[in-house]
Amino acid sequence: MDVLLDVSVQHAGYTDHPQAVRDIHFSVRQGELVGLIGANGAGKSTTIKAILNLLPHVNGEISFKEEQNRYAYIPEQPILYEDLTLWEHLELAAAAFAIDAFRFETRANDLLDRFRMREAKHHLPDSFSKGMQQKLMMMIAFLIDPSVYIVDEPFVGLDPKATVDFLDLLDRKKKEGAGILMSTHILDTAERICDRFVLIHQGRCLAAGTLAELRQHFDRPSASLYDCFQAVVEDTDERS
Amino acid sequence: MNARNLGSAWQVFVKRVRSNGRFQRKIWTMTVDWVIAVYLIVPAVVIGGLYYRGFWQGNVQWFSAIPDVFVILALYVYVWTGRLRLFVEKADQLFLRQKGAWMRSFMTWGSWYSFALTVLSAGMLFVILAPYFIVVQGMDVRTFGLAFLLVILSRWHMMLIRSLQRTTAKRIGRWLSLGFLFVAGGLLFGWTLLRMPQWALGMPLICLVLFISALFLWRMKINQRGNFLFDCIREEKHKWRYAKWVLNMSSASAAQMGVEPFMKQKAEHPRRSPWIFRQSKPLFQQRTPANILTETYVKSFLRNRQHLLDFGKIIGLCTFGVAYLPLTLKWIMWIISFFLIRQWLSGGWHEMMNSSFFKLFDWQEEDLNKARQKAVRLILIPGFLWVSIVLGLSVMFI
């Protein structure tokens with residue numbers, strides 16, 4: 001499988017904390033969902049910001065396989081423009097990625113139905129609930145149809161049906177060959193859907209691999225992802 | 001409330017006032033190039049000073065020709081722009097809100113702070129307008145003083161009434177009540193200033209009534225319940241009222257200035273559909289990225305009430321300049337108008353491009369330039385055309 005995103009960060013961070021994350025090395029391959037796992041404040045979002053080139057200090061190498069339509073980013077907090085309708089948001093995203101009118105209409109209408117947002121097509125996002133705003137962010141990402149999806153805590157604010165729809169769509173994109181990097185702290189869902197895991201704690205990548213590899217690494221043959229995560233956190237905390 | 005608590009609440013209030021002062025100062029000092037400003041301000045002060053002396057001596061003809069209705073209208077606009085600053089924050093609902101006495105203290109000090117600011121700004125305004133009232137209109141010092149008092153009390157009224165307004169009312173109801181307040185308040189204000197000086201007891205009586213009613217409104221505000229979140233929304237808006245203008249004119253973003261960006265709080269009844277282009281109707285047939293970007297700017301400009309209001313203010317200021325200034329200054333004002341409107345619209349463009357949503361995408365530089373020029377032109381032309389027509393008419397009938 002081709003590597004779509006290769007991350008090799010020695011350290012990255014902010015002006016007042018330039019080494020917020022250190023030694024983060026992993027890759028996302030074609031048709032693979034990689035879970036970026038960590039507690040609150042572990043450095044998941046900082047790692048994502050480093051990948052998106054949003055940090056003032058990044059010492060390392062981040063490379064995408066594709067030059068065009070490299071990635072779509074779905075942030076934890078929806079980022080929208082208050083004076084544009086839902087449809088205009090989609091149209092603007094299509095313009096930024098040079099999607100022609102026919103492909104735009106087909107994909108956008110399909111997404112409107114899939115996310116049950118047709119009634120809100122000409123509404124302003126200020127009138128949406130957080131879940132609806134999140135759905136719009138997801139629609140924009142699926143409209144762009146990139147090779148890599150970077151998703152930050154996607155389940156916060158989504159209703160159960162929207163979560164299932166979102167996971168179905170992710171699965172379909174995965175089968176079509178996209179790579180997905182998903183940051184989450186909801187470990188039972190992550191265990192069920194992710195192919196590989198990158199465990200982050202206190203700004204460092206402590207372990208990476210499939211669940212089987214993590215079990216082997218921690219010498220716990222029947223451990224869940226939660227157990228592995230607990231083991232790595234306790235081990236690190238004891239050592240520090 | 002015991003003395004210790006009072007001290008703490010007062011300290012928090014003062015801290016917020018100071019922090020607001022630092023914020024406003026930071027925006028101004030970072031955006032205004034002081035070397036250029038000095039080159040503009042010093043000559044403007046000298047020329048303004050000479051004119052001001054001329055106003056007192058009564059030898060500036062155009063100054064005497066300004067209709068009194070126009071001055072009353074300008075004063076009423078000033079009265080209408082009064083805003084109550086309470087320095088409450090959304091985070092206060094976690095702790096401070098539970099302390100009723102603290103919140104009442106914030107309301108009280110916020111009211112006095114806003115009142116003191118009004119006295120200061122109205123004082124400056126009346127110093128500027130003194131030659132008009134005293135030399136041109138022949139007003140005696142007593143009536144002039146009462147007019148000053150009337151403006152302060154009217155502004156305080158507007159502050160309190162607008163602050164008492166609840167968001168629970170339907171949008172149309174809010175707009176209708178605001179419209180009624182504006183028209184009725186304006187008529188009453190104008191009538192008082194025009195007619196009352198003829199009746200010796202008229203103005204003092206009206207000032208007394210306004211004072212008593214202001215105290216009543218103030219008590220209502222202090223005891224008002226269920227308006228906290230709307231007060232927070234308004235507070236954030238008031239904090240950014242002038243800062244947004246400065247950033248807009250300098251085409252800079254809050255992040256570049258090193259200040260927290262404007263946090264738009266969700267309104268209680270947000271508008272569901274835009275008032276114009278309700279069906280997301282495209283403006284251009286050709287759906288190129290540049291056209292879609294142009295369309296985005298034009299639509300968001302027309303849909304944003306604050307943008308339209310600010311644009312109206314700039315056009316109004318330019319119209320006043322080209323209509324009432326002496327001939328040479330009219331032409332200078334006309335040229336300044338062009339650059340002022342263009343600069344302000346370009347600032348709006350940069351504000352849009354600096355928004356987080358636009359930063360999610362990589363735009364082609366060529367598309368951005370094309371779109372910016374086209375979008376700014378589309379809004380600049382009607383505004384500048386209006387200023388030009390007024391200039392043409394005023395030159396013809398000079």
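**Close-up views of helix packing and a surface patch**

**View 1. Leu385(B) and a nonpolar surface patch.** Leu385(B) is located in helix H16 of chain B, and in this predicted model Leu385(B) joins Ile389(B), Leu393(B), Met396(B) and Phe397(B) in making a nonpolar surface patch of about 570 Å².

**View 2. Packing of H14(B) with H16(B) within chain B.** Helix H14, residues 327-353 of chain B, and helix H16, residues 365-396 of chain B, have axes that come within 9 Å and that cross at roughly 155°. Because angles over 145 degrees count as roughly antiparallel, this crossing makes H14(B) roughly antiparallel to H16(B). The residues of the contact between H14(B) and H16(B) comprise 18 nonpolar, six polar and three charged. The crossing in which H14(B) passes H16(B) is right-handed.

**View 3. Packing of H2(A) with H12(B) between chains A and B.** Helix H2, which spans residues 86-96 of chain A, packs with helix H12, residues 289-303 of chain B, at an angle of about 150°, and the axes of the two helices lie 9 Å apart. H2(A) and H12(B) are therefore roughly antiparallel to each other, and the crossing in which H2(A) passes H12(B) is left-handed.

Technical notes
Residues are numbered from 1 along each chain as its sequence is written. Chains are lettered from A and ligands numbered from 1 in the order in which they are written. This is a predicted model: local features need pLDDT of at least 70, side-chain atom pairs count only at pLDDT 80 or more; totals for chains, interfaces and linings use all residues. Side-chain values use heavy atoms; hydrogens and water are left out. Axes are lines fitted to C-alpha atoms, for helices over the stretch in contact, and angles run from 0 to 180 degrees between N-to-C directions. Helices (H or I, at least four residues) and strands (E, at least two) are DSSP runs, numbered from the N terminus. Angles under 35 degrees count as roughly parallel, over 145 as roughly antiparallel, 65 to 115 as roughly perpendicular and the rest as oblique. A crossing is left-handed if the near helix is turned anticlockwise from the far one by less than a right angle, and right-handed if clockwise. Ala, Val, Leu, Ile, Met, Phe, Trp, Tyr, Cys and Pro count as nonpolar, Asp, Glu, Lys and Arg as charged, and the others, Gly among them, as polar. Patches are made of residues with over 30% relative accessible area and no salt bridge: like charges are joined within 9 Å, nonpolar side chains (Val, Leu, Ile, Met, Phe, Trp, Tyr) within 5 Å. Accessible areas come from the Shrake-Rupley method with a 1.4 Å probe; for residues, only the protein chains shown count as cover. A salt bridge is a side-chain nitrogen of Lys or Arg within 4 Å of a carboxyl oxygen of Asp or Glu.
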